[in-house]
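Biologist: I'd love a close look at one part of this protein, please, and then a walk outwards from there to its charged and aromatic contacts. Could you take me through it residue by residue?

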Amino acid sequence: MLDREPDGQTIEADPEYAESLANRFAPTLYFDAAEPWLPTDPRPYASDRDGDSIVDGFDALDGYHERYATAGEPPDPTVFYHVLEYEDSPLAVVQFWLYSTFDQFTTNFHWHDWEVLHVFVDTETDRPQLYVASSHSRKVPNNEFLDPDPEMVPRILSELGSHSSALSVNDEPDRFQRLPGTDLLADITNSAIESIESLSELPFAYGLPRDEGARLPYVVPEYEGVPVYEHERLPNVDRESLVDEALTVRSFESLASPPTDLPERSTGLVFRHEERIGDASTDAPEDSAPNGSSPAEHAYELVPTGEIEHLSDFTGPQLSFEFTVPEFAEDAIAGHISTTGAPWGQPRYTNPAADITDPNHRATLAERYEAIGDAAAINTVVASVTEAVTSDDAPEYEGLTTLEPSVEAVALLESDPVAVPTFAGVAAVRDVPDGEHRLTVNAPGQAPYSERLSVGGDADTSEAASTTPASTSTASTTTESSASTDAAADADRAAQAITIAGSDGQIPLVARENARKLEVDADGTDADLTDLAVDDDFAGRLYDGSLSGSAAVYVHEGGAYTAEVRDSDGAIGAFRVNPDPAADGDDSDGDSSDDNTSTDDAADDSDADVTTFGPPLRIDRPDTGKASLSSFLASIAGETSAEVAALLDDDSAGERLDGGENAIRGLVRALDAVVAAAERAAENARSGDRANADQRLQAVETRLERVTDRIAEASETLPEPLSNAARNRVAEATRRAEQARKSEKL
């Protein structure tokens with residue numbers, strides 16, 4: 001934010017004019033049927049502390065529920081407004097601030113919650129220019145809409161528990177639409193990020209996960225190790241006061257797999273400005289709940305924020321939620337829980353443009369109004385979260401594929417601790433400082449993921465990637481604004497410096513019930529290891545991150561993997577890891593032909609009270625160079641030979657092979673020849689005999705070509721999954737053989 005051109009100064013609007021703008025744009029608010037904390041007035045819960053008027057979290061939460069129970073309806077529905085004008089500019093902004101006494105999201109729950117809708121208005125044309133609805137934090141892109149219809153009242157769709165605000169401008173008043181449909185506008189005009197192909201058409205905004213088929217269970221907030229509803233200062237708060245139990249889990253770690261039984265959500269209550277109650281004419285077609293009934297309506301009072309600016313602070317002790325970080329001994333951190341304060345202490349309160357998160361929107365306003373500074377490139381970390389599951393194309397327990405996630409996840413940059421939820425499976429953290437960071441992703445019922453990455457400066461980020469509008473309004477967009485939008489899309493100032501996390505932007509998570517920790521122990525290794533990658537035979541690269549000393553990565557027990565390490569000189573080492581889901585912790589858990597790979601007998605003690613993982617897999621003293629790669633070639637060829645040869649040992653082989661025994665035997669012999677040559681190459685490399693090592697590796701490449709021919713000859717006899725696996729492994733071995741032959745390091 002500090003690198004962009006400065007915005008102009010703002011002044012408070014004339015009270016009468018401010019009230020007229022607030023009445024005109026006062027939004028209609030839609031809340032989930034399970035929402036406990038509706039927009040209210042904090043003043044009844046204020047108290048004096050050393051001469052200052054503060055709102056204590058315990059007082060507000062308990063008092064709200066007491067008043068709700070007594071009245072039988074939401075207490076004191078209120079929306080606060082604040083109107084500013086930019087000096088020497090026709091641009092004004094109406095801010096609508098919503099206060100809730102509590103925020104129970106999955107990881108970022110806290111006392112008090114303030115959400116805001118900014119409506120940017122041109123006072124000369126009397127037309128709204130931009131809506132900006134606040135998301136979870138300024139690390140998550142807001143939901144924004146450029147050039148809205150001036151005749152439509154803004155509509156806010158509030159996320160359950162967290163009150164993150166999505167926009168609704170289309171003909172489905174209480175449903176969020178990320179992309180335009182045949183007869184519907186998109187509810188946002190945020191740009192898409194083109195740096196990741198799979199996300200190239202996805203608008204970069206939080207949206208409203210419930211309407212996009214996403215699921216994320218809520219977690220019970222705790223204070224000093226016990227649920228908040230058990231605290232003595234909350235006598236009017238019980239378990240039923242929080243988000244519904246059907247939508248809640250005690251912890252992510254308590255689940256063996258992602259939840260599949262979370263109930264659908266729907267609109268429960270609608271709040272309108274008291275002057276519009278009962279009038280849905282601006283929300284055509286008429287609001288209706290999914291079952292065809294009309295949701296309950298409540299009127300809210302519109303109050304200027306000047307009447308509550310005497311409240312100096314909103315306080316409360318920090319609540320706890322731990323992020324799990326995969327390491328040799330599982331680590332957990334809890335410093336990411338944020339707190340809230342008074343809106344009038346935030347930069348966006350006096351400069352609403354500070355809350356514009358889409359660079360094209362800022363660039364467009366900058367073209368129209370001198371008061372808005374040009375956009376600056378900011379660092380953004382982006383990845384697509386998926387789920388790794390076994391593949392039907394692979395032999396049983398020996399190959400994976402990745403699917404779209406069934407639940408959303410939560411991402412955390414530990415060096416800049418603000419936890420952010422994913423949206424549509426996208427993990428995105430904006431405005432990241434230059435430097436080294438560790439990105440950790442947790443999801444319910446799934447093993448944690450973590451990687452170290454460099455952001456900004458000399459980091460290996462994608463080029464400043466221009467963003468293009470993913471969707472635009474139609475009828476309400478003037479020719480002038482369309483031209484401005486096009487110009488903004490092409491402008492360098494609308495760039496974002498994107499750091500792509502994961503492997504080519506993908507972070508695959510593994511269900512805890514299927515997860516095995518792959519530990520890479522570099523202690524005692526001569527090489528200075530810098531990078532670690534993990535490839536599955538079918539799903540390809542699943543992990544690709546920096547390596548500092550030792551590392552731990554969770555893999556699916558139903559996969560078959562190549563683990564690659566790289567050292568500071570660029571030399572590569574590879575190791576075969578093929579876990580056996582049925583193993584009891586004996587040597588069969590790792591690849592028996594690779595002395596560097598081992599298996600521990602028990603999971604970490606830190607997992608003892610939750611769903612445990614299978615025995616860890618460990619690569620001890622991983623090295624790089626010809627010897628390492630040659631040993632890998634022997635491992636992967638020997639593993640494949642054993643699986644193919646097992647077909648001949650089956651009692652029913654004669655009938656099942658249907659005369660193809662000779663083709664199978666020929667394939668086994670060809671694979672065994674690769675094993676023999678690779679083992680000799682490894683021996684030569686370890687003894688310092690480069691010439692003979694290279695000669696043996698040349699023989700390996702030649703023999704791999706023969707294996708390819710033998711697979712084709714046996715294709716009608718081999719089971720299709722095994723045939724697929726053999727082809728994939730030969731392709732991997734061929735690539736590694738070339739690396740081994742070209743390696744300068746023995």
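Modeller: Happy to! Let's begin at Asp-528, which sits in the loop between β32 (515-521) and β33. Please keep in mind that this is a predicted model. Asp-528 is partly exposed, because its relative accessibility is 48%, a value that falls between the 20% limit for buried and the 50% limit for exposed. Along the chain, Asp-528 and Gly-570 are 42 residues apart, and their C-alpha atoms are separated by 10.0 Å.

Now move on to the loop after β33. Asp-537 makes a salt bridge with Arg-576, with 2.7 Å between the closest N and O atoms. Asp-537 belongs to the loop between β33 (529-536) and β34 (540-546), while Arg-576 belongs to strand β37 (residues 572-577), so this salt bridge ties together parts that lie 39 residues apart in sequence. How buried or exposed are the two partners, Asp-537 and Arg-576? Asp-537 has a relative accessible area of 11%, so it is buried. Arg-576 is buried too, because its relative accessible area is 0%. Elsewhere, salt bridges with shared partners build one network out of Asp-535, Arg-541, Asp-544, Glu-564, Arg-566, Glu-732, Arg-735 and Arg-736.

How many salt bridges does a search of the whole structure find? The search finds 43, and two others deserve a stop on our tour. The first to visit joins Arg-178 and Glu-212, whose side chains meet with an N to O distance of 2.6 Å. This pair links distant parts of the chain: Arg-178 is in the loop between β11 (165-168) and β12 (191-193), and Glu-212 is in the loop between β12 and β13 (218-219), 34 residues apart. Arg-178 counts as buried because its relative accessible area is 5%. Glu-212, with 27% relative accessibility, is partly exposed. The other stop is the salt bridge between Asp-174 and Arg-175, where the closest N and O atoms are 3.4 Å apart. Asp-174 is buried, because its relative accessibility is 6%. Arg-175 has a relative accessible area of 23%, so it is partly exposed.

Not every charged side chain is paired in this way. On the surface, a patch of negative charge gathers Asp-14, Glu-16, Glu-19, Glu-274, Glu-275 and Glu-301. Glu-16, one of these, is found in helix α1 (residues 15-25). Glu-16 is exposed, because its relative accessible area is 64%, above the 50% limit.

Next come the aromatic rings. The count of aromatic pairs comes to 18. In one of them, the ring centres of Phe-105 and Tyr-218 are 5.8 Å apart and the planes stand at 90°, so the pair is edge-to-face. Phe-105 lies in the loop between β6 (91-103) and β7 (110-122) and Tyr-218 in strand β13, so far along the chain that 113 residues separate them. Both partners are buried, because Phe-105 has a relative accessible area of 3% and Tyr-218 one of 1%.

Trp-114 and Trp-344 form another edge-to-face pair, because their ring planes meet at 70°, with the centres 6.1 Å apart. This pair also links distant parts of the chain, with Trp-114 in strand β7 and Trp-344 in the loop between β21 (331-333) and α3 (347-350), 230 residues apart. Trp-114 and Trp-344 are both buried. The two tryptophans take part in a cluster that ring pairs build from Phe-80, Trp-97, Tyr-99, Trp-114, Phe-314, Trp-344 and Tyr-349.

Strand β7 holds one more residue to look at: His-112. Most residues other than glycine have a negative phi. His-112, however, has a positive phi of about 65° although it is not a glycine. Its relative accessibility is 0%, so His-112 is buried. A positive phi also turns up at Asp-88, near 55°, again in a residue other than glycine. Asp-88 is found in the loop between β5 (78-86) and β6. Is Asp-88 buried or exposed? Asp-88 is exposed, because its relative accessibility is 87%.

Conventions. Residues are numbered from 1 along each chain as its sequence is written. This is a predicted model: local features need pLDDT of at least 70, side-chain atom pairs count only at pLDDT 80 or more; totals for chains, interfaces and linings use all residues. Side-chain values use heavy atoms; hydrogens and water are left out. Patches are made of residues with over 30% relative accessible area and no salt bridge: like charges are joined within 9 Å, nonpolar side chains (Val, Leu, Ile, Met, Phe, Trp, Tyr) within 5 Å. Accessible areas come from the Shrake-Rupley method with a 1.4 Å probe; for residues, only the protein chains shown count as cover. A salt bridge is a side-chain nitrogen of Lys or Arg within 4 Å of a carboxyl oxygen of Asp or Glu. Lys and Arg count as positive and Asp and Glu as negative; His and the chain ends are not counted. The place of a charge is taken as NZ of Lys, CZ of Arg, CG of Asp or CD of Glu. Helices (H or I, at least four residues) and strands (E, at least two) are DSSP runs, numbered from the N terminus. Buried means under 20% relative accessible area, exposed over 50%, partly exposed in between (1.4 Å probe, protein chains only). Rings of Phe, Tyr and Trp (its six-membered ring) pair if their centres lie within 6.5 Å; planes under 30 degrees apart count as stacked, over 60 as edge-to-face and the rest as tilted.
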